[in-house]
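Work through the exercises below with the model open. Each task is followed by its solution.

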2 protein chains.
Amino acid sequence: MSRIPFNVHATDGAARTGELVFPRGSIRTPAFMPVGTAATVKALYADQVAATGADVVLGNTYHLMLRPGAERVAAFGGLHEFMRWDKPILTDSGGFQVMSLAALRKLDKDGVTFQSHIDGSTHRLTPERSVEIQRLLGADVTMQFDECVRLPAPRDDVERAMRLSLAWAERSKAAFGSPQGRALFGIVQGGDQADLRKVSARELVAVGFDGYAVGGLAVGEPQDVMLAMLGETVPELPSDRPRYLMGVGTPDDILKSIARGVDMFDCVMPTRAGRHGQAFTRFGKMNLKNARFAEDKRPLDETSDCPAARDYSRAYLHHLVKSGEILGMMLLSWANIAYYQALTAGARSAIASGAFADYAAETTAGWARGDA
Amino acid sequence: MSRIPFNVHATDGAARTGELVFPRGSIRTPAFMPVGTAATVKALYADQVAATGADVVLGNTYHLMLRPGAERVAAFGGLHEFMRWDKPILTDSGGFQVMSLAALRKLDKDGVTFQSHIDGSTHRLTPERSVEIQRLLGADVTMQFDECVRLPAPRDDVERAMRLSLAWAERSKAAFGSPQGRALFGIVQGGDQADLRKVSARELVAVGFDGYAVGGLAVGEPQDVMLAMLGETVPELPSDRPRYLMGVGTPDDILKSIARGVDMFDCVMPTRAGRHGQAFTRFGKMNLKNARFAEDKRPLDETSDCPAARDYSRAYLHHLVKSGEILGMMLLSWANIAYYQALTAGARSAIASGAFADYAAETTAGWARGDA
């Protein structure tokens, strides 16, 4: 495999900052990747997403294979061209969404057969087909096909899924081949079982990937369990390869995970919260539906670089949210993605200057202090 | 009354082009005014609206008095500041929406009492309160309070509403006073009755307003009835004052009305259609839900100045619309507002060069020809 360069510029405890270098541009780490499920980061223009500082967005294999279809996206020159995003794209493998969204799933050793949640049509994903779809989409980072179980789950189920994911990791790697300028990440599974996490990590490393994701967390377990599992897993992963914690999380989850050596994150939280009237800010989370904002002339954060956070009064945002106006969703989704980018940009600077612990403490104190 | 300057630069048959000059900026006519019902042109940022060439947006007294409330908007320095739009704003009087949206309306000679469609609370509008609300909102153009009847309607009802609207026109004018830099428009009523339209127009002109609107059209009657009523009404209005056809309409309605001497229009059609997957283009109206767009790599219109119309494939728009994505609504609303602005900008140029009939014929032929 021709490895994608990952340059670690500085470390600060277990935290590190660096960049993952692709032909389409570099991903500065720690990185937050906005989720562009169906070829759009919901309620945002692609150029707004780029302007917040995002270096990469995520696309969902499950959604895109069903609509518009991987071959159709490929006929358009790939997902970048289709959605007008020219920086790197990471695609997931489809495994997680099949488990959480599809109807009538039937899992076998070779893959999974399922019915579309859109029209009931039958589809099949295998490690080979998942990798092929991600190639058709034009992914810069391809994720191995895996099986993820929701927690809590019986240990036997967790172990079976972890073993199956390892077998699929090998098949994903074989199917991926050695394309220039593209990366394949393996996914550590093992639920909330420390020993299974270690086995999964070691065996994945033995197979060898461009990067290593930690999957199957933030799926129902408490934060301390998630952090404990990271503590067990990260030391097993090679320090010269990026580590990606899938589907995480709150700003607090992100800071605590960076402190444990995680480099990449994705989560629907900032955009989903934005569509539901919630803002993430350096003063903590605000629910703009709350009547206390009805006459609040202040912006979300006058120091923000993001126009959505800086230029509109909370009273106006409150009005838009209460009125169910699309512009409310647009502005809050934008402000939230910008906040997540500012959070990770701040982490990168702090790590570079050896001050990450202070940065995390000050940021956390800011959330607690609020804006009173 | 201190009159707002209206400079007619050129005429071409009954069509004319000019500008209505306000301290906040001029409205170039013929003008299409995007509707910003609840302090937002739905699914568009205010700066996008301005960039399409719109010189003015409309705000709705009915919606804004209920939420967030006129006094609250005033406390924010007015609607311009609240919604971040610094060019002129025209507000309607609330009369039309009370009739079409409110529950348990009770009309009397003095005004109307009604219940909010949002929370059932009781409110009252009179000519004086309507003008006061529009002042609190900071309207550059205030509309007189009127009563509008849906067509078809018995002649007696039409006449009664027309007479009531005339009485309210006088009271609106008295309440308005003579504020510097702000305009008050009267509204011609009279339904589909030519003689009543003439009476209404003449009596309004006798009262004297900065501009004259034609109300109570595009409320269920065929286009030829609407155009016939314009033909009866416009000649009764002074040529040195702007004429505004309320709530109209399709691009074809607009061209035919410009040809009959109308200067200003507003309509929810471009944004509402945009939220429902429809695009207005120089090739006619397109329903992006249609499967024929699924593999259409062309933009809506490669010659458009609007990024939404120029830079995204129809296949991508089709995908977004089919997926119910907010970005689809954002892009189509934007493209549609831009098309309406391009249509009226083209009309202004054509009138200035004495070629409006050719412009209208070519534009209409373009819609018929399509893009095959």
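**Exercise 1.** State how many salt bridges the rule finds across the interface of chain B and chain A, then give one example.

*Solution.* Apply the rule: a side-chain nitrogen of Lys or Arg within 4 Å of a carboxyl oxygen of Asp or Glu. Five salt bridges result across the interface of chain B and chain A. One example is K42(A) with E325(B), whose closest N and O atoms are 2.6 Å apart.

This is a predicted model, where local features need pLDDT of at least 70, side-chain atom pairs count only at pLDDT 80 or more, and totals for chains, interfaces and linings use all residues. Residues are numbered from 1 along each chain as its sequence is written, chains are lettered from A in the order in which they are written, and side-chain values use heavy atoms, with hydrogens and water left out.

**Exercise 2.** Give the extent of the interface of chain B and chain A.

*Solution.* Start with contacts (heavy atoms within 4.5 Å). Here 37 residues of chain B touch 37 residues of chain A. Next, take buried area (accessible area, 1.4 Å probe, lost by two parts on being put together, summed over both). The area is about 3400 Å², and carbon and sulfur atoms give 60% of it.

**Exercise 3.** Which strands of the β1-β2-β3 sheet in chain B stand at the edges?

*Solution.* Strands are DSSP runs of E, at least two residues, numbered from the N terminus. Two strands pair if DSSP finds at least two bridges between them. The open sheet has the order β1-β2-β3 in chain B, with antiparallel pairing. β1 (6-12) and β3 (25-29) of chain B each have a single partner strand, so they stand at the edges. β1(B) pairs with β2 (residues 15-22) of chain B over six bridges. Within β2(B), E19(B) stands opposite N7(B).

Notes:
Helices (H or I, at least four residues) and strands (E, at least two) are DSSP runs, numbered from the N terminus.
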